[in-house]
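User: I'm new to this structure and would like a close look at just one part of it. Please pick a single stretch and walk me through it in plain words.

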Amino acid sequence: MDEARKESETAERKKRELYFRQKELLDTFLENGAISRAQYDKSLGDLTVKMGIHPEER
């Protein structure tokens, strides 16, 4: 595997890991009543779009 491809895959993996950590945080906020369902849906939707995650990957 060439170096550029390896770096690209590493960056993509890190992006996905960050996305799922952020989603986990939103899940915790929702579970503990820190945010409403509407706030959760909006924040998760915005996060998904900004990070380029496809909805089926969530």
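Analyst: Let's start with some vocabulary: a residue is called buried when its relative accessible area is under 20%, exposed when it is over 50%, and partly exposed in between, using a 1.4 Å probe and protein chains only. Keep in mind that this is a predicted model, where local features need pLDDT of at least 70 and side-chain atom pairs count only at pLDDT 80 or more, while totals for chains, interfaces and linings use all residues. Residues are numbered from 1 along each chain as its sequence is written, and side-chain values use heavy atoms, leaving out hydrogens and water.

The part I'd pick is helix 2, residues 37–50. Helices here are DSSP runs of H or I with at least four residues, numbered from the N terminus. How far should the 14 residues of helix 2 span at 1.5 Å a residue? The expected span is 1.5 Å times one less than the number of residues, which gives 20 Å for helix 2, and its end C-alpha atoms are indeed 20 Å apart.

Now look at which side chains are tucked away. Y40, L44, L47 and T48 are buried in helix 2. Seen down the axis, the buried residues fall within an arc of 100°, so they line one face of helix 2; that arc is taken from the directions from the helix axis to the C-beta atoms. Those buried residues pack against helix 1 (3–31), where contact means heavy atoms within 4.5 Å. Turned away from that buried side are the exposed residues A38, K42, V49 and K50.

K42 is worth a second glance. At 53% relative accessibility K42 counts as exposed, and its side chain meets that of D46 in a salt bridge, 2.7 Å from N to O. A salt bridge here is a side-chain nitrogen of Lys or Arg within 4 Å of a carboxyl oxygen of Asp or Glu. D46 is partly exposed at 32%. K42 and D46 sit four residues apart in helix 2, so about one helical turn separates them. As a rule, an α-helix has 3.6 residues a turn, so residues three or four places apart point the same way.

Helix 2 has another such pair: D41 forms a salt bridge with R37, their closest N and O atoms being 3.4 Å apart. D41 and R37 are also four residues apart, about one helical turn, and D41 is partly exposed at 42%. Across the whole structure, a search finds six salt bridges.

Finally, just after helix 2, G52 takes a positive phi of about 70°.

How values were computed:
Helices (H or I, at least four residues) and strands (E, at least two) are DSSP runs, numbered from the N terminus.
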